[in-house]
Each structure stands twice: as structure tokens, then as C-alpha cells.
Amino acid sequence: MPRVVSLFLPTWPTDRLRRELADPNAAPADDPGTGSTGTDEPLVLVGREKNTRVVMAADRAAQAQGVRIGMPAAKAEAMMTGLALRPFDAAGDGQALERLAIWICERFAPIVAVDGRDGIVIDSTGADHLHGGEAAMLDTLVTRLAAAGITARAAIADNRATAYALARYRADPCLVAPPGHGSAILAPLPVEALRLPGETAGALRDLGFQTVGDCLAQPRAPLVKRFGETFGRRLGQAAGWLAEPITPLSPPETVSALRNFAEPIGAAETIARYVGKLVVTLCADLERKSLGVRRLDLICRRVDNRNEAVRVTTARPVRDVGRLTRLLCDKIETIAPGFGIETMSLVATLAEPLAPEQKLAPLADAIHPDVDSLIDTLANRVGEERLYRLAPVESDVPERAVRRVPALAPETGQSWRMDWPRPSRLLGRPEPIETMALLPDHPPAFFTWRGVRRRVRVADGPERIFGEWWKRDAELAAVRDYFHVEDEGGERFWIFRSGNGEDQVTGSQRWFLHGLFA
């Protein structure tokens, strides 16, 4: 089932300007994950309508004081003191919004387009699993934009019209509509959610139509006759009767390959055969430019103008024909060809420099085992964020001594301290246990964990670990005494007492279980 994301940027022009004012040398939206929001004074963008200066955009602070779009600029200045006025740049906003859409295309989904002056539409079908699911993908997207001072609301639904309406009238800041929701989810929304011209929405309200549900409950033909084909088309799109294709943007200077078919294709074997041919063409272009692909999109345009997309990623730059073909063919089952595919395009959305490599002779032994292909296959099945390895961090505190890094991240040369043994499984959070122990330096005679009482047969310790006082004041005197204990059943545990067993300033003196040995 197709899934579409609508991203609504209610204060986009002012957010963009604040970013540029904060860093004039930074291209807005080239990397929304960094940057400052600039000054905090209320900001209004002013343009001209005939001979009158009017408010074209206003930030949240100005809107909270009653400034509205279309209001005369003189009135806005009279309402607020310290109001910053800047000229409205429609062309600049549009170009920056396209750059933002391309940034999203490179990182989230292959089919992305600008939606009006304050929105972006994304066909996320088949791409959400790479980001941990739909909810996680929306949260990551909105959070990244918020970190750059860009206010955003996002919704995902079965069609573009529904996602548009939910993003603008229900999302706070994210909303995931359940698959197969139908038009009932739009019923309580105002008629403006149908993307109607202002005069049409006003006429509907004059006749008593307040919500989308009021319109859907009436016969369609009389309403279309009264309000025109635009109203009928919007109603059909909201109800899911009419398709609304998305014309995707392409990042500039991307390497791509295109194939048009005289007769539509639909069989999986045929799709796989032409995928192989497109990969050969693409890899030849990549080799000429000394590039390798990191993110590859296969976009299939069906005869009904609907796009079916497949995205695969690689841990390192790749231009190996066999590997890329296998990764794409593994996803063919997710493509719904409908009545046939008339165009297939392969786009290297993200490519990085890759120098030519010397191929090994057939009888030569590889110096290092090549696990890149396995990593890429697993990452495209379960998602990149779920495939990682653990790397050491310089810290005595156990939960801070490890971090997640990409599966093929280069080695840093660091290693864990081996003065004392460490458990093979470290709990995400130490769990409290009930114990009886002789203070201050003796291990417990028994402990109860998760309702099971265990008698300690042998123990080793204590290993004293101090808090990292340079990080926060609460750790100036903090102490933990760790013990490696084994119960009568032969199971081994890593437990600690919070504190030195004597002074309450060093800790609560309670006991916790922190890890399990193999």
C-alpha cells in the first residue's frame, strides 16, 4: 500500500531568513542538522499588493501577538514594539525550499517534491524501514529540522490529499494515520483541508458545510456542478478515488540511468532483467567519474502515472554491478506493477569518490575477508540503525565506556581496559536487587533479582569505580563497588553497591545488578 508524507512548514520564510541572518555564508537547508536560528526578536516579511505594504509572512512570536498574513505592515508595526521587518523574497524562498526537498531526498526517501510555498510531499513507500519505521522516520525528520530552527509538522497517510490535511490541521508535530484509514479520518477537519480556493471555502461555509465530512456526506454531482471541477477533483483525491502523482525532484549533477518501454512490463523476472541492464549503465558512468554509490533509488513509473520506488543503501561507496543488482532484486517483491511499468530510472542519490581498485587474481588469497556485501544485505533488510557494532570509549563508568558505531566504521585504535573482567551482557539500566552483606567490603551472601532468590557461592571484588567529577557536580563523591559473583547454579553476575558502605555522601548504599557473564 502506498504511503505519503506531507511536511508542513508554517513559518518557512521567516525560519529561512533567520538561518541566513545567523550565518550568511551557510546555504540554508543544505544541512538542516546544524545552524543557529539567529535573533529572537519578532520577525515579519513585507511585500507589496498593489500600492500597499502587507505582511507576507510572520514568525510564531509575531503571530502570537495578533499579526496575520495579509495585514497592512503599518498596522503590524503599530501593534508591536521591536518588530523586525524584512523584505519578502518569494523566489529565494522557493529555491531554498527546493534545496530542502533535495536534502530530504538524499537522506529519507527517493520521491520528494515541493508542495506549494510551505510544504514538501514525500512518497515514503518502501523507505521507512531504513529509518526504524514510519513514526521514527517522521520524528527524526521533524527533530532535525527543529535543531536548525525550522518549524515543521508532518503526517503520513495513504494518499497525498489526506497527508496534506492531517499535517496542517491535526499533526502535533507528527501523526501516523493507520494504513487503510479511508476518508473517515478527514471527516472532522474544516473544509479548508480540501485545498480549496478561499472563495470556494467561504461559499461552502455560507451554505452550512463546515467540515470535510459534511461535503463527503452529500451527493457529489450537485456540488461539482455548483463549485466546479476543482472542487470535484479535490474531493475525489481526499476520498481516494483519484490518484495524485508526485513528480520527484532530482539532486543536481546526479548519475542516473533511464529505460523507456514500448510495451509496459510487469513480471518480476522482466523487472529484474532490466534492473541488471540499468545497473551496468550506471556503474559505467560512475567509473568514468571515479564515484561509488552510497544510496541508490530505483523509480518505476506505472501506466497510471503512479511511481513505485525502491531504495537501497551501502555502508561504503560501491560500483560493483553484481552487488548492486542483488540488493535491488531483493526488493522487487515490494514493487506493485499494477497494469504495467512504462519507465524505469536508476538514480545514484548519494555518491562519493571511489578510486579504481586492483582486482585480485583468481588464485590469490584475499588479505582481509570482504563482509561489505553481507553488511549491505542485512542493513537493507532490517534498517541501517539496527545494524551496528560496539566501540570503546575512554571512561571508567561502565555504561559510558561503550558506544554504537556503524558496522563498517574504521577502527580508532582504542580498546577496553582488561584489568578486571567485564560481563558479556550489560543491562541497559542497572536493576535493583535485595541483598544481605557485611559492610563495608564484603560481597552479599545472597541476592534476589526479578523475584528469584540466589545464594552466592563464590565472589571476587570489590572493584571500586569513582564518578566522573568533571562532568557533573553530583559525581564528585560518587562511588561504586563492583563484585563478580557466582550462584549455586553456576550463573555469574556483575553486581555493585552504590557507595563505599560507610558514607551516605558517596551513594545510597543500595545494591544493583548491572550485567551477566556468559
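1. The note opens just after helix H7, where Gly208 follows the helix with a positive phi, near 100°. The model under discussion is a predicted one, and the points below move from this helix to the strands, then to the sheet and the chain as a whole.

2. Helix H7 covers residues 198-206, and Thr200, Ala201 and Leu204 are its buried members. These three span an arc of only 100° around the axis, which means that they lie on the same side of H7. Gly198, Glu199 and Asp206, on the other side of H7, are exposed. The cover over the buried residues includes three helices: H8 (212-216), H9 (220-227) and H10 (229-239). The helix therefore has a buried side marked by Thr200, Ala201 and Leu204 within that arc of 100°, and the exposed residues Gly198, Glu199 and Asp206 stand on the other.

3. Strand S2, residues 43-49, is mostly covered, with five of its seven residues buried. Two partner strands can be followed from S2. With strand S4 (residues 84-87), S2 runs parallel and is joined by four bridges; with strand S3 (residues 52-58), S2 pairs in the antiparallel sense over six bridges. Val44 is a convenient residue to inspect here: Val44 stands opposite Leu85 in S4, and Val44 also stands opposite Ala58 in S3.

4. The connection between S2 and S3 is a hairpin with two residues between the strands, and Lys50 there takes a positive phi near 60°. A hairpin with two residues between its strands is also found for S16 and S17, where Arg450 has a positive phi near 55°.

5. The second of these hairpins belongs to a run of strands that begins with S15. Strand S15 (residues 425-437) pairs with strand S16 (residues 444-449) in the antiparallel sense, over four bridges. Glu434 has Thr448 of S16 as its bridge partner. S15 and S16 form a hairpin with six residues between them. S16 in turn is joined by four bridges to strand S17 (residues 452-466), again running antiparallel, and Phe447 has Arg454 of S17 as its bridge partner.

6. An open sheet of four strands deserves separate attention. Its order is S9-S12-S10-S11, and its pairing is antiparallel. Strand S9 (255-265) and strand S11 (307-318) are the edge strands; each has a single partner strand, so one side of each lacks a neighbour in the sheet. Direction ignored, neighbouring strands of this sheet are turned by 15° against each other on average.

7. Within this sheet, strand S10 (residues 291-302) pairs with strand S12 (residues 341-353) over eleven bridges in the antiparallel sense. Arg302 has Ile341 of S12 as its bridge partner. S10 also pairs with S11, over eight bridges and again in the antiparallel sense, and Ile299 stands opposite Ala309 in S11. The hairpin of S10 and S11 has four residues between the strands, among them Asn305, with a positive phi near 70°.

8. Is the edge strand S11 enclosed by the rest of the structure, or left open to its surroundings? Nine of the twelve residues of S11 are buried, so S11 is largely enclosed by the rest of the structure. The place of S11 at an edge of the sheet concerns strand neighbours, whereas the count of buried residues concerns cover.

9. Two helices contact this sheet. Helix H4 (residues 90-107) packs on the sheet and touches S10, S11 and S12, its direction making about 70° with that of S11. Helix H12 (residues 321-329) lies across S10, S11 and S12 and runs at about 140° to S11.

10. For the chain as a whole, the secondary structure comes to 13 helices and 20 strands. The radius of gyration is 30 Å, well over the 24 Å that the globule rule gives for 518 residues, so the chain is more spread out than a compact globule. The C-alpha trace spans about 85 × 70 × 50 Å along its principal axes.

11. Burial and contacts complete the account. Of the 518 residues, 46% count as buried. Among contacts with a separation of 6 or more, 59% are between residues 24 or more positions apart. The accessible surface is about 26,700 Å², and carbon and sulfur atoms account for 52% of that surface.

Definitions and conventions: Residues are numbered from 1 along each chain as its sequence is written. This is a predicted model: local features need pLDDT of at least 70, side-chain atom pairs count only at pLDDT 80 or more; totals for chains, interfaces and linings use all residues. Side-chain values use heavy atoms; hydrogens and water are left out. Two strands pair if DSSP finds at least two bridges between them. Axes are lines fitted to C-alpha atoms, for helices over the stretch in contact, and angles run from 0 to 180 degrees between N-to-C directions. Contact means heavy atoms within 4.5 Å. The radius of gyration is taken over C-alpha atoms; the globule rule is 2.2 Å times the number of residues to the power 0.38. Buried means under 20% relative accessible area, exposed over 50%, partly exposed in between (1.4 Å probe, protein chains only). Accessible areas come from the Shrake-Rupley method with a 1.4 Å probe; for residues, only the protein chains shown count as cover. The arc is that of the directions from the helix axis to the C-beta atoms.
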